[in-house]
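Student: Please take a close look at one loop of this model for me, and then work outwards from it to the strands and helices. I would like one connected account rather than a list.

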Amino acid sequence: MKIHEFQAKQLFSRFGVAVPKGGVATTPEEAARIARELGGRAVVKAQIHAGGRGKAGGVKLAASPEEAASIAKSLLGRTLVTHQTGPEGREVRRVLVEETLEIEKEYYLGIVVDRSSESPVLMASSEGGVEIEKVAAETPEKILKLAVPPEIGFWPFAARRIVYGLGMRREAVPGAVSLVSGLFKAFSETDASLVEVNPLVVTKSGAVVALDGKMTFDDNALYRRPDLREMRDLTEEDPLEIEASKFGLNYIKLNGNVGCMVNGAGLAMATMDIIKLAGGEPANFLDVGGGATTEAVTAAFKILLSDPHVRAVLVNIFGGIMRCDIVAEGIVTAAKQVGMKVPVVVRLEGTNVEKGQEVLRGSGINVIVASGMKDAAEKVVAAAKASA
């Protein structure tokens, strides 16, 4: 689950991380009031779940409360398109109005879960204010990394090693160490999967401040974080992904035109790979899991058919815990409820495969049966091209 910048900064403050003074506005009048309370000058920042807002015109400096109101008016209700939103963009429903700071130097600081080392990893760079991916590609030697093994935990020396590695001036070191420690505490105590501050700034007075903030949380841990669940903004999420979450389905929308319904994350990844190998592009990742019911499979099929970009659907099921006849019944139910507007290729193997095939044959719906993954991929890609 992602949250907005202003929400991340609220959590940062809770753990002692210094952030700029400011407030959230949903109207130009509110933006003017907050700017006035900050002394007149302010930065107005569009709040959407995407990076690259500054380059897209979503972050602007206001010299007065009146200008803050004017900027807020131009942003609120606007669809902001960045390199992370895709061409459809995101509608701006609120802005963050913050104090201005006299910045001396910008840095990057992030914490992620590194599955290869099975540890949280602190990442930092003296090249703040730009995409970390660009730094990694062009000047990887400028990225510092420090794993924090769970069996050892976080110790103050870790923060000092990162800060000294960044080459901060002496006056800023205590504040920077405190900020890194607070940020790691926020990461670990909220079950976060990512925390990012870009840029982290040192002001001319020597203060160390998180000028930006980004947090992503492990969905599997939200059951024990009710306060974080309240921060979820459904308007920032894809409607199909929201619908899938109601049935416990793992669904991620992609940019292709071949819909995929698979059981098991590994098989789902392999299915997307083989679709691309056959010359197609997957429209989604959809794992119905090992114990899905007919109702869940029906919902999954409806979600696939609701995507206007889908030109063909591949159902690839290897029956273990998941029975092939359950999948077949779900396909038939969904097809009768929403109609079969695109070709559907079905590959069933494993538990109750014969019963599943009988259900499909006796349903009267038109499906293309495949005998293996390669055959299924070739047939669905050809069907998608013909349908398009």
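Tutor: Glu-118 lies in the loop between E7 and strand E8 (119-125), and in this predicted model that loop is a good place to begin. The backbone of Glu-118 has a positive phi of about 55°, although the residue is not a glycine. As for its surroundings, Glu-118 counts as exposed because its relative accessibility is 66%, and the cut-off for that word is over 50%.

On one side of this loop is strand E7, which covers residues 103-114 and pairs with E10 in the antiparallel sense over eight bridges. One position can be picked out from this pairing: Glu-106 has Val-201, in E10, as its bridge partner. Strand E10 itself, residues 192-203, is mostly covered, with ten of its twelve residues buried. E10 also pairs with strand E12 (residues 214-217), to which it is joined by four bridges in an antiparallel arrangement, and there Val-195 stands opposite Met-215 in E12. A further antiparallel pairing, over three bridges, links E10 to strand E11 (residues 208-210), where Val-202 stands opposite Val-208 in E11. E10 and E11 form a hairpin with four residues between them, and Gly-206 in its turn has a positive phi of about 95°. Within E10 there is one more backbone detail to check on the display: Pro-199 is found in this strand, and the peptide bond that joins Asn-198 to Pro-199 is cis, with omega of about 15°.

A positive phi in a residue other than glycine is found again at Asn-352, where the angle is near 60°. Asn-352, like Glu-118, sits in a loop, here between strand E17 (344-350) and helix H12 (353-363). Its accessibility is 24%, and Asn-352 therefore counts as partly exposed.

Helix H12 leads on to Ser-363, which lies in that helix. Ser-363 is buried, because its relative accessible area is 16% and the limit for buried is under 20%. A polar atom of the Ser-363 side chain lies 3.2 Å from the backbone nitrogen of Ile-365. Beyond the neighbours within four places in sequence, Ser-363 is in contact with Val-332 and Lys-336.

From there one can turn to Thr-333, since its place is in helix H11 (residues 324-338). The C-alpha atoms of Thr-333 and Ser-363 are separated by 9.3 Å, while the two residues are 30 residues apart along the chain. If neighbours within four places are left aside, the contacts of Thr-333 are with Thr-294 and Thr-298. The side chain of Thr-333 also has a polar atom 2.8 Å from the backbone oxygen of Glu-329. With a relative accessible area of 28%, Thr-333 is partly exposed.

Another sheet can be followed in the same model. Four strands form this open sheet in the order E1-E6-E2-E3, and their pairing is antiparallel. Its edge strands are strand E1 (22-25) and strand E3 (59-62), each of which pairs on one side only. On average, neighbouring strands of the sheet are turned by 20° against each other when direction is ignored. Strand E2, residues 42-46, pairs with E3 in the antiparallel sense over four bridges, and the bridge partner of Lys-45 in E3 is Val-59.

Two helices lie across strands of this sheet. Helix H3 (residues 65-75) lies across E2, E3 and E6 and runs at about 160° to E3. H1 lies across E1, E2 and strand E6 (95-98), and runs at about 50° to E6. Helix H1, residues 5-14, is mostly covered, as seven of its ten residues are buried; Phe-6, Leu-11 and Phe-12 are among them, and so are the charged residues Glu-5 and Lys-9. After H1 comes Gly-16, where phi is again positive, near 80°.

Conventions. Residues are numbered from 1 along each chain as its sequence is written. This is a predicted model: local features need pLDDT of at least 70, side-chain atom pairs count only at pLDDT 80 or more; totals for chains, interfaces and linings use all residues. Side-chain values use heavy atoms; hydrogens and water are left out. Buried means under 20% relative accessible area, exposed over 50%, partly exposed in between (1.4 Å probe, protein chains only). Contact means heavy atoms within 4.5 Å. A polar contact is a pair of N or O atoms within 3.5 Å; within protein, one must be able to donate a hydrogen and the other to accept it, and residues adjacent in sequence count only if both atoms are side-chain atoms. Two strands pair if DSSP finds at least two bridges between them. Axes are lines fitted to C-alpha atoms, for helices over the stretch in contact, and angles run from 0 to 180 degrees between N-to-C directions.
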